[in-house]
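Hi there,

Here is the structure I promised to pass on to you. Have it open while you read, and take your time with it.

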Amino acid sequence: MKFSFSKKYRLLKNHQFLFVFRNAKKFNSKYFTIFSCFNNMKYSRLGIIVSKKNVKKSYLRNHIKRLIRESFRYKKKSFIFVDFVVFVKIIKDFDKNVFIKDLRNIWINY
């Protein structure tokens, strides 16, 4: 099984994000909100939103994005034609283990 995360698996354009937001199902967690909707492709795609306003430190923003991408890469074959947008909420006290556990719980629901 190939675990790459090429551009084909990413939401890159504004209209792609807007499509997900308009047709989305929402899942909330302590650290993030995930919007999801079905697409017309034969694979799932991921978009990540981590604003500077919500996560002040750049190293933490990058680390969070890396964790989200990695968890998606390992689970992407189990998703059926779904686009995801992960919106990270305000983070003051970041706990990596809780964050990963929340991600796993959300991915299991799909």
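Below is what I found in it, beginning with the sheet and ending with one residue.

Please keep in mind that this is a predicted model.

**The sheet**

A good place to begin is the open sheet of four strands, which has the order S1-S2-S4-S3 and mixed pairing. Strand S1 (25-28) and strand S3 (45-49) stand at the edges with a single partner strand each, so one side of each has no neighbour in the sheet. On average, neighbouring strands are turned by 20° against each other, if direction is ignored.

Now look at S2 and S4: they run antiparallel and are joined by seven bridges. If you would like one pair to find on screen, try threonine 33, whose bridge partner in S4 is phenylalanine 87.

**The helices on the sheet**

Helix H2 packs on the sheet and touches S3 and S4. The direction of H2 makes about 165° with that of S3. Helix H3 lies across S1, S2, S3 and S4, and runs at about 25° to S2.

**The cores**

In soluble globular proteins, nonpolar side chains tend to be buried together. Which residues have the most contacts inside the largest nonpolar core here? They are Ile64 and Trp107, in a core of 23 residues. Strand S2 (32-38), helix H2 (58-75), strand S4 (82-88) and helix H3 (96-108) each supply at least two residues of this core. H2 gives the most, with five residues.

Tryptophan 107 is worth a click. Leaving aside residues up to four places away in sequence, tryptophan 107 touches Ile34, Leu46, Ser71, Phe72, Lys75, Phe79, Phe84 and Val86. There is also a second, separate core of six residues, and among them are Leu11, Phe35, Cys37 and Val85.

**One residue to follow: valine 82**

Valine 82 is found in strand S4. Is valine 82 buried or exposed? Its relative accessibility is 2%, and buried means under 20%, so valine 82 counts as buried.

With residues up to four places away in sequence not counted, valine 82 touches Ser36, Cys37, Phe38, Asn39, Tyr43, Ser44, Arg45 and Tyr110. Try tyrosine 110 from that list: valine 82 and tyrosine 110 are 28 residues apart in sequence, and their C-alpha atoms are 9.3 Å apart in space.

Enjoy exploring, and write back with any questions.

Best wishes

Note on methods
Residues numbered from 1 in each chain as written. Predicted model: local features only at pLDDT ≥ 70, side-chain atom pairs only at ≥ 80, totals over all residues. Heavy atoms only, no water. Core = buried A, V, L, I, M, F, W, Y, C linked by side-chain atoms within 4.5 Å. Buried < 20%, exposed > 50% of the residue type's maximum accessible area, 1.4 Å probe, protein only. Contact = heavy atoms within 4.5 Å. Pairing = 2+ DSSP bridges. Axes fitted to C-alpha atoms, helices over the stretch in contact; angles between N-to-C directions.
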